[in-house]
Amino acid sequence: MIEKNKPLSIVKNESEQAILKARAQALAKEPEKIVPASELLEIITFRLGGETYGIESVYVREVYPLRDFTPLPGVPAFILGIINVRGQILSIVNLKVFFKLPGKGLGDLNKVIILHNNLMKFGLLADEIVGTASVLLSTLQLSLPTITGVGREFMKGITAENLIILDGDKLLNERKMIVHEEIAFTASK
Amino acid sequence: MGPGDSEFNRRLLQTFRVEAEEHIHAVTSGLIELEKSPTSERYAQLIEAIFREFHSLKGAARSVNLREFEQVCQPLEAIFSRLKRGEISLEPGLFDLLHRVIDFLSEFSSVSGEKRTSAQRSTQKELIAQLGILTKTDSIAPEAPKPELAADALQDSSKEPEIENLKPKQKETSFGQTVRIPVSKLDSLLFQAEEMIQTKVTTQQLVAELREIKSALASYSLSSRQWKNRRNAAKSSEHEELVSWCETHLDQLHARIISVSQTAEQDFRVMRRIIDDHLEAMKQVLMLPASSLTETFPKIVRDLAQQQGKEIDLVVSGDDIEIDRRILEELKDPFIHLMRNCTDHGIEKPARRKELDKPATGKISIAFATNENRQVEISISDDGSGIDCNQIRELAIKNGTVPSEAAKKLDSREILALVFQSGFTTSPIITDISGRGLGLAIVSEKVEKLGGSITIESTPQAGTTFRMLLPISLATFRGVMVRVSEHLYVIPTANVMRTLRVKTEDIKTVENRETIRHNGIIFSLVHLGEVLGLPEAANSSASAFKGHNADAGSVTMVILANGDSQIAFLVDEVLEELQVLVKGLGQQLSRVRNISGATILGNGRVVAVLNVSDLMKSANQFASIRKHRDGGEIARKSMRVLVAEDSITSRTLLKSILESAGYQVTTAVDGADAFARLRSGEFDLVVSDVDMPRMSGFELTAKIRADKRIGELPVVLVTALESLNDRERGVDVGANAYIVKSSFDQSNLLEVINKLI
């Protein structure tokens, strides 16, 4: 009984001592290199049509599950429709269509990544949210000759792991994303 | 100076700004009235009033230590004091100077000290110098040219004329009964009040649901009793016990549901009343007299007229009518545009007017009047040159707005309506006042957005009148919900003339267009789904109309009206009329054809609200390009396919691919849902996802194969799983085909299905 009341921190043998010493040393060591925050890109990674993309988390307000949506007649095909996010109406963009990626494949497309800045807000469809990551800006390859098509101008770069980083700012400021349709007049006969 | 002091100063300055604005405003109105050479009595009153305004303004500036401001007010006060005494008189030159000074003051009061530019400082010096000349007794101004006036003024000032009458156009409410509240605070209150509509709608739906549960329980109790009576004879006591246990509990549950449902219903009634009253009261709070909008107009017209070298009087009447502030706010730009239009295109230069035997001074009249429908009618008219219909016709043809043949057929009213089209201007030269050709289109769009309409009348050489009909308050929006295929839409009740059910044989084709006669009027008839551009397969009204549907004897339509035009739209069903809160479509969808917004139903479902003005235009456009449909190609295959897929996007995609290929498609959200549907309906084929909650595609296939009735049904599995094992498992459970999602495309799906059925 008395034995059990002894403080637990007492180190019993040398091997334990060695382990602790090693730990203390490891903790005492200066980190190898401090990467300034400005060189890191905080991103959210997601899968869409068999590719993995990343988008800077500063532009992401939240990730929302897509359970239902209301299609709108007469909008461009890249607009899937509108949804209700806690009482507000949000439009949903299918990047696969906007980037004119080949139509092959049937994804889940049941996650919405809500992108926003002070002027614009819309949701991006994704098959799956992979997680968050930090990417060193310097490791980004700025352009890859094999990537062509509309999507290319919205890419910030590509990582060594073939992760395509999207330019959130550019997507949010893109004029072509905005739908503004007037009805032209034709006289009735 | 501590931070508290600077905060205090900031607030003081803010108060000063509001006060200064009011004084400046009163002075401006006074000056404008003075310019219209009022009676000598009124003249004296106005001079006195303006003098007092400047005096108060000077005092206010001094109290917040705005020396520069005070320096400008000083000579102004002096000038009016001299005017009062009749030592100088008001001349056109002086008016212009005074207006300039006032513009300067109003600009000056709106910026803080540090931000003042050197240009402003030099203007200030110049103005003070000019004013200074007039304040000196040995000024060049002629000595009292209106002696009788001066005498009046002297008398008046000695006996202090009635103060209440002095302030031009300012209506004073008795002191102590009113508080000044920033509009932004009221707006947010109103917004909150409006958001409560959503709660009301949701609660209403909940109450309805409770009612359904109540009746379901009642029918369970009943059938349980009937069952017991039938079996009463031959049952073991143990069984009996279980049944009566169930019955007791069912009864208890029923009783509780009844009481909950009643309470909920009562609560809902109370809530509905409170919310409605509260919203109405909030709206009343935000009603303002129309004069709050028009009070700046005399100055605007004066400035515009001066730029153009024209002489114009503005006459405003009926502006004591109270209108929702949000409407007034939205009306400001349209009004300014219309006044510009009158000044620029309407009223001629004085010389030209004399040639035409018109008074040299043109007139713009703005009149407000209410009608019995809680609407306000606003007319803006000028006595200018009017609009030449032929000129518009030619312009429309030249611009390609209207094909020349069509243009020849239009009557003068239709021709005039063209000026509301975007890109239209009648002014041969583009002046900086108007003539960019966008204005009237924007005006009409704004008015329509407020739920109003605008028309134009014009008589050559006699003038032009714009007439607007607007709601007095932004009514809580009521809409009629309609269904086209599985899509729901809300149509503003205000635009729905009536809903009808008519026999198909009553639809007549006239000149290749379908029409329907109702109450002696012939309406053209279009399919809402087609006008909206829904895919053909979704247009079930089309097939119903052709008699492929069991219910084909008659069709449902809504007759919609906008302005003068009325068109009948064919729908599948008219569901209900409801109060809705219309929300914008978000920043990305700035304007969507045929759709003005969306609303959220009690169950969270989002429904688009249709823009009837757009629909009418679309319907016209549509009618002219539409090919005459011929029967026969419909329902080439009327094979029924069940799609089971948990992802809403994939489900919708699969459905639309199959529908456009001519299949009748039913959807299910998972395997269990699919199996339930298969049991209760008739299907020719199943397309199912593999990975689904509750019941996977494998399990579903196995269950189908094990069922006697539907065991032979072809099953196509669509899956993200690519391994050979899974493929084998698919074959094992009895799937007929296996499509891998990564290589999915619409042709391989249709090919596979074609092979199977």
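Two strands count as paired if DSSP finds at least two bridges between them. Keep that cut-off handy for these exercises on a predicted model.

**Exercise 1. A hairpin in chain B**

Work out how β11(B) and β12(B) are connected, and find the turn residue that has a positive phi.

*Solution.*
- Start with the pairing. Strand β11 of chain B covers residues 507–510 and strand β12 of chain B covers 513–518; 4 bridges join them. The cut-off is at least two bridges, so these strands pair, and they run antiparallel.
- Next, pick out one facing pair: Thr509(B) sits opposite Glu514(B) of β12(B).
- Now look at the link. With 2 residues between the strands, β11(B) and β12(B) make a hairpin.
- Finally, check the turn: Glu511(B) is the residue you want, with a positive phi of about 45°.

**Exercise 2. The make-up of chain A**

List the elements of chain A in order from the N terminus, then say what share of its residues is buried.

*Solution.*
- Count first: chain A has 3 helices and 11 strands.
- Then walk along the chain from the N terminus, and you get α-β-β-β-β-β-α-β-β-β-β-β-α-β.
- For burial, the share is 30% of the 189 residues in chain A.
- One extra step on contacts: take those in chain A with a separation of 6 or more, and 56% of them link residues 24 or more positions apart.

**Exercise 3. Ordering a sheet**

Give the strand order of the 5-stranded open sheet in chain A and name its edge strands.

*Solution.*
- Going across the sheet, the order in chain A is β8-β1-β2-β10-β9, and the pairing is mixed.
- The edges are β8 (128–136) and β9 (155–158) of chain A, as each of them pairs on one side only.
- From one strand to the next, the twist averages 30°.
- Zoom in on one edge: β9(A) pairs with strand β10 of chain A (residues 164–166) in the antiparallel sense, over 3 bridges. Within that pairing, Gly157(A) has Ile165(A) of β10(A) as its bridge partner.

**Exercise 4. Two helices crossing**

Describe how α10(B) and α11(B) cross, and sort their contact residues by character.

*Solution.*
- Helix α10 of chain B spans residues 297–308 and helix α11 of chain B spans 325–346; their axes come within 10 Å and cross at roughly 35°.
- The crossing of α10(B) past α11(B) is right-handed.
- On the α10(B) side, the contact residues include Phe297(B), Ile300(B) and Leu304(B), while α11(B) brings in Ile336(B), Met339(B) and Arg340(B), among others.
- Sort the residues of this contact and you get 7 nonpolar, 2 polar and 2 charged.

Technical notes. Residues numbered from 1 in each chain as written. Chains lettered and ligands numbered in written order. Predicted model: local features only at pLDDT ≥ 70, side-chain atom pairs only at ≥ 80, totals over all residues. Buried ≥ 20, exposed ≤ 12 C-beta atoms within 10 Å, placed from the backbone. Contact = placed C-beta atoms within 7 Å. Axes fitted to C-alpha atoms, helices over the stretch in contact; angles between N-to-C directions. Left-handed = near helix turned anticlockwise from the far one by under 90°. Nonpolar A, V, L, I, M, F, W, Y, C, P; charged D, E, K, R; others polar.
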